[in-house]
Every structure is written in C-alpha cells, then in structure tokens.
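Dear colleague,

I am handing over the structure we spoke about, and it is shown just below. After it I have set out what was found, in the hope that you will read the text with the coordinates open beside you.

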Amino acid sequence: MKKRSLSLIVFMYLLSACSANPYAILSDCDDQYYWHTNWNCPLLTESEDGYYYYSMPNNILYYLDGNSIDAFAVCSQPNCLHNGEDCQAFFPYYNLETGVMYAGEYLYVFARSMENTTPSLYRVSKDGTSRETLLTLEGGASYTDPLLHRGTFYILKNSYDEAQHGLSVLLAYPLDALSKGGQVLYSAKTEETLSGITQVMAYGDAIYLTDYSTTSASPVITIHRTDIKTGALSSLPLPEGMSVSRFMPQGGSIFYTLRDAQNLYDTVTEVQLYRCDPDFGGSCRLSNISAMDLSCDDTYLYGLCDEALTVYDQTGALYRTFPMSEIFGETPRYANLYCSCREQLFFWAMLSCEEHPTLYRFDRTEIETGSIHPKPVLADE
C-alpha cells in the first residue's frame, strides 16, 4: 500500500509539472531524454514508482524500486534461472544495440535475438507476465539510439559499403502503424572518420540530433532540430570556428557545449557552455566548464571528464568539484553519469578490477554535503 501511495504522488507530481511547463516530460508517452548522454542506447528508464534497468553483463531486465532501489528481474515465472529467451526478462546483449524505454504502462526493449541476426522491438508488461515482438528490422546494418516519444519509435540505422562509405538514417515508426514501415526523418552520409548522426533525443514537439553542418566550409558538428508535427528542419547557428560537443534539454532550455572545430578529434576537458531556447533562439554563453560529457537535472548541470565530476548551477557557475579518485577510490576506466526525476543519480562505471561496467547510484543530497559514496545497484553485476 505504501508503494502504491508513493507511485500516485510521483505520478501526480509529473502531471502537474507537465501542465505548468510545455517542455516537461509527459510521463506516459515522452522520451526520457536525460538518459541519453554519451552512450548510444539507454539502459535505464523511469516509471511512476521506480526504474527499469537492462544489465549488460547479466542480459537481464530489472525493476529497481524507486525508494529502496531493491532489484527484481522483470519475470513472473517461478524458479526461473533468467538465462534464456524463455525468460521474459532475458535479452541478449549485442554491441550497442540494446535499449529500454517506458511508455503507457509498458516497457519497450530494443534488442537482438539469441542468434544476433535481426534486431527487434519488444513490448513487455511491467510485471513480466507478457512479452511480444512488435517490430523486426532488417539485418546487415547496425542500429543505435532507440527512443520512444509520443507514440512513435525512433531508431538510427547505420550501414556501410566495403569502402566504409555509408549512410546514417533516422527512422520513425508510429506504434499504431508499424506494418507501414519506417519513415525517414533525417539522413546523413558518412565518410571514413566522419561519424554522421549522433546524440538523438526527443524534447517537446521535436527531435534533436548532432550531425555535420551543411553550411560550414570545414567539418563542424552542430545540433539539428526536426519538428515532428510539420517536418520543418532547423540548425543551431554556431560562432565561427566552433563545433558542438554535447547537448542536453532541461526546463525549457537546451544546454550545449562548444569546442574548437580545428581540434575536432582531440580529447579536450574544457569547453564553452551555452544555453538557448528549444527553437535555437536566445542563445547565450554562460561560462567555461570542465566536461567531456554533459548531464543535467532541474537543479544542477554536471560536467564529467576522466579526472573529475564538476557540478554547476544553471547559470554555469561552479558549485563543487569531485575528483573521480575520491568518488571511487581510483580513476575509472570508463564512467557515465545519469540523472533522474527523483533524488537518485547513477554512475555507469568500469573500475580496474571489473570486466564490465557496473551501475552505481547515489543521492543528490550527497552533492550538497560534498561527499559522494556511490553504491552498486546489483550485487552480482
């Protein structure tokens, strides 16, 4: 009964936020863009009473209680070992082509079959009692950046020929018309080191992504916006010689970082932080920040690089710095930060003693106390 009351409170809070802010997430149908950082497939998604997490090492879809963060496999079969496709929670991991989404009381999982032949979109009930295949895509290509937004499934398809010339295509599949095939929403040619479309997110009535500018004389990455109602395409204007590194929507704004376009493929830790309106108007520079990746919630902006997590207020002013060696006792081989609509934040990190990345969680109050102590979500991951 207590869990049901918590669920109702969170659900009503999200609905009231939506009515006040046209860019707030509609909890039953919007893309949860805050899970899309520098990882191409979202492994976490949020519901009214908790989270759902796909564990890459275990190949299992888990439910995480929103209060205790206790983990349960999304499977209703008694005595199930959760090690094969007879289990409703088992989805084999394949490269980057696995993602989990939540909408309308169902979970949607994008994954390949055991044979790794063709990727499919599955719909799974929250209690793990049912699982059905909604869509199977053609083989011979890679698929990343799955997202579900206002009744449409979006997926990025990447294909290459023997000379490594290829095409990145963002496809849209309305859930109520899957048999009609995917509509091409955006496409970009890829040539050797040019990576094509990345960082696909949905926010309000638009799809945002990064790709090379069509107007710049030199390779410059910018943000492109496609209106999902009208199909109109617009691009973020950039200062001369600058290129977009990361971006993240939040609270009716787009926060983004810029770097020197001349050093497009070099590792940099200091970038310029900007904000603009969702239609790219009102752009203004906020500050310089230390960040290879960017996350944000309704209170803070988080810059993450190899050496430290830096926390800023939403004007770009530095609030706190947390060396990664103090957070984990060492500098992780890999780390990514995810925010949520609740007080929990998550690190997806790989330490020197680990063979796979592990999901860690901590509370936002730890940011304010000045000491972060992340705890593993799963004991056996």
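Counting the salt bridges gives 13 of them. Please keep in mind throughout that this is a predicted model.

One of these salt bridges joins the side chains of E46 and R342, with a nitrogen-to-oxygen distance of 2.6 Å. The two partners come from distant parts of the chain, 296 residues apart, since E46 belongs to strand 1 (residues 44-46) while R342 sits in the loop between strand 25 (334-338) and strand 26 (344-350). With a relative accessibility of 6%, E46 counts as buried, and R342 is likewise buried, its relative accessible area being 12%. R342 has a further role in the picture, for it lies over the face of Y51, at 5.2 Å from the ring centre.

A second salt bridge pairs R364 with D298, whose side chains meet at 3.0 Å, N to O. R364 is in the loop between strand 27 (358-363) and helix 3 (365-369), and D298 is in the loop between strand 21 (293-296) and strand 22 (301-304), so this pair ties together parts of the chain that are 66 residues apart in sequence. R364 is buried, with a relative accessible area of 8%.

The salt bridge between R123 and E132, in which the closest N and O atoms are 2.7 Å apart, is placed otherwise: R123 counts as partly exposed at 24% relative accessibility, and E132 counts as partly exposed at 37%. Elsewhere, D30, R150, D205 and K229 are linked in a network of salt bridges.

Turning to the aromatic residues, the count comes to 20 aromatic pairs. In one of them, F110 and Y143 have ring centres 6.3 Å apart and ring planes at 70 degrees, and the pair is therefore edge-to-face, since planes over 60 degrees apart are classed in that way. Because F110 lies in strand 6 (residues 106-112) and Y143 in strand 9 (residues 142-149), the pair ties together parts that are 33 residues apart in sequence. Both F110 and Y143 are buried.

Ring pairs also link Y33, Y34, W35, Y51, Y203, Y338 and F346 into a cluster, and Y51, a member of that cluster, is the ring over which R342 lies. A further charge sits over a ring at Y319, where R320 lies over the face at 5.1 Å from the ring centre.

As for the nonpolar interior, the largest nonpolar core holds 62 residues, of which L44, L61, L64, I223 and Y256 touch the most other members. Strand 3 (residues 60-65) contributes the most to this core, with five residues. If its neighbours within four places in sequence are left aside, Y256 is in contact with I223, L236, R246, F247, Q272, L273, Y274, R275, C276, S283 and L294. Apart from the largest core lies another, of 20 residues, which includes L304, L309, V311 and A335.

Finally, you may wish to look at A177, which is found in the loop between strand 11 (165-174) and strand 12 (183-191). A177 is buried, with a relative accessible area of 17%, and its C-alpha atom is separated by 9.3 Å from that of T152, a residue 25 places away along the chain.

With best wishes

Key:
Residues are numbered from 1 along each chain as its sequence is written. This is a predicted model: local features need pLDDT of at least 70, side-chain atom pairs count only at pLDDT 80 or more; totals for chains, interfaces and linings use all residues. Side-chain values use heavy atoms; hydrogens and water are left out. Rings of Phe, Tyr and Trp (its six-membered ring) pair if their centres lie within 6.5 Å; planes under 30 degrees apart count as stacked, over 60 as edge-to-face and the rest as tilted. Helices (H or I, at least four residues) and strands (E, at least two) are DSSP runs, numbered from the N terminus. Buried means under 20% relative accessible area, exposed over 50%, partly exposed in between (1.4 Å probe, protein chains only). A charge sits over a ring if NZ of Lys or CZ of Arg is within 6 Å of the ring centre and within 35 degrees of the ring normal. A nonpolar core is a set of buried Ala, Val, Leu, Ile, Met, Phe, Trp, Tyr and Cys residues joined through side-chain atoms within 4.5 Å. Contact means heavy atoms within 4.5 Å. A salt bridge is a side-chain nitrogen of Lys or Arg within 4 Å of a carboxyl oxygen of Asp or Glu.
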